[in-house]
Amino acid sequence: MLITHLGLTVRDPDRSRRFYLDVLGLDGSAYPEPWGFRVDLRDGFMLALIRGEPAGAELARTVHFGAASSSADAAREIRDRLRGHGVPEIEWEDADDYVGVKVGDPDGYVVELAYEPRLPTANAPSPKNGDEALARLLAGNKRFVQGKTQSPRRDSVRRTEVAQGQKPFAIILTCSDSRLAPEVVFDEGLGDLFVVRVAGNTAPDPILIGSIEYSALTFGSILLMVLGHERCGAVEAAIDVVTKGFVPPGEIAAATAPIVPAVQAVQGQPADQLLDAAIQENVRQTVQTLGQVPTLAELVEGGKLKIVGYEYHLHTGEVTAI
């Protein structure tokens, strides 16, 4: 079941109804309810305007309601109409990949009306080399950071297409951390990325290296990215092993052991900089180790594979080179 329902607590439901339907011009119908108004919008979306006292100003402004415009010109017309009504404008942007306006509603909620051209969900051109593959990933990450993701190639057409076979253009060796999902971070779809995940984003075990080799040799993946991230728990544990003699319980030591050499290499860093330094050194050492794997080294030498190291920043969502 798809639930498309947004409830806003508003001081005057009738005033809010007029704002959303008459001023913003959203396509829908309103029905009175004992608690306020139910506004049925197109595509099955329902907006509930509930009589009451809105949350504090800071919380209210974080509630973001968006509606898509049919074209860039339509978005500009909406902007002009809202200005004519004297609606408080928070932000206006007019660019090739986004035309939209953000305004405040009568209770301080943020509303965005915008047009964004979307890429086709399938048949995106494949990058020809590692540099093009990296540029594509970074472009997707930029969209993710800006909140302009296109979520391409995730529909039923793409699902059917990749069921017949796969050809991921990039291999991502990254951490198992739940806050880092490569397909989301790089705005890619089904069949685009071959992801290998392990706590600490290391590859000491033959099965991990074999997984990477499999994608490079069998599917012709042309980019291998080692992707670490801020505040990595596996690296923190490895630091405790080196600096405090900590003995991890169970088999956790198998995850921290490959990181210990990276911690030892930067152990002279100030305490408040040690974690960041160890995270980055761990990525560098893993890139170097993978570059010495004979099968991968041969591909790199032949220009068929590029190996890079990057770090994901949890707060901004940005990936940066190491």
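**A five-stranded sheet and its surroundings**

Mentor: In this predicted model, E12 and E13 form a hairpin with six residues between them, and Gly 317 in the turn has a positive phi of about 80°.

Trainee: How many bridges join E12 to E13, and in which sense do the two strands run, parallel or antiparallel?

Mentor: One facing pair is Glu 311 and Thr 320, the latter in E13. Three bridges join the two strands. Their sense is antiparallel.

Trainee: What is the strand order of the open sheet?

Mentor: The sheet has five strands with mixed pairing. Its edges are E10 (193-197) and E13 (319-321), each of which pairs on one side only. From one strand to the next the twist averages 30°. The order is E10-E9-E11-E12-E13.

Trainee: Over how many bridges do E9 and E11 pair?

Mentor: E9 covers residues 170-174 and E11 covers residues 223-229. Ala 170 has Leu 223 in E11 as its bridge partner. The two strands pair in the parallel sense, and the number of bridges is five.

Trainee: Which residue in E12 stands opposite His 229?

Mentor: E11 and E12 pair in the parallel sense over seven bridges. His 229 belongs to this pairing, and the residue opposite in E12 is Tyr 312.

Trainee: Why is E12 described as largely enclosed by the rest of the structure?

Mentor: A residue counts as buried under 20% relative accessible area. E12 has seven residues, and its enclosure follows from how many of them are buried: six of the seven.

Trainee: What angle does the direction of helix H4 make with that of E12?

Mentor: Helix H4 (residues 130-146) packs on the sheet. H4 touches E9, E10, E11, E12 (306-312) and E13. Its direction makes an angle with that of E12 of about 15°.

Trainee: At what angle to E10 does helix H7 run?

Mentor: Helix H7 spans residues 206-219. H7 lies across E9, E10 and E11. Relative to E10, H7 runs at about 170°.

Trainee: Does Glu 281 count as buried or exposed, and which residues does Glu 281 touch?

Mentor: Glu 281 is found in helix H11 (residues 271-291). Its relative accessibility is 16%, so Glu 281 counts as buried. Not counting residues up to four places away in sequence, the residues touched by Glu 281 are Ala 262, Ala 265 and Val 266.

Methods:
Residues are numbered from 1 along each chain as its sequence is written. This is a predicted model: local features need pLDDT of at least 70, side-chain atom pairs count only at pLDDT 80 or more; totals for chains, interfaces and linings use all residues. Side-chain values use heavy atoms; hydrogens and water are left out. Two strands pair if DSSP finds at least two bridges between them. Helices (H or I, at least four residues) and strands (E, at least two) are DSSP runs, numbered from the N terminus. Axes are lines fitted to C-alpha atoms, for helices over the stretch in contact, and angles run from 0 to 180 degrees between N-to-C directions. Contact means heavy atoms within 4.5 Å. Buried means under 20% relative accessible area, exposed over 50%, partly exposed in between (1.4 Å probe, protein chains only).
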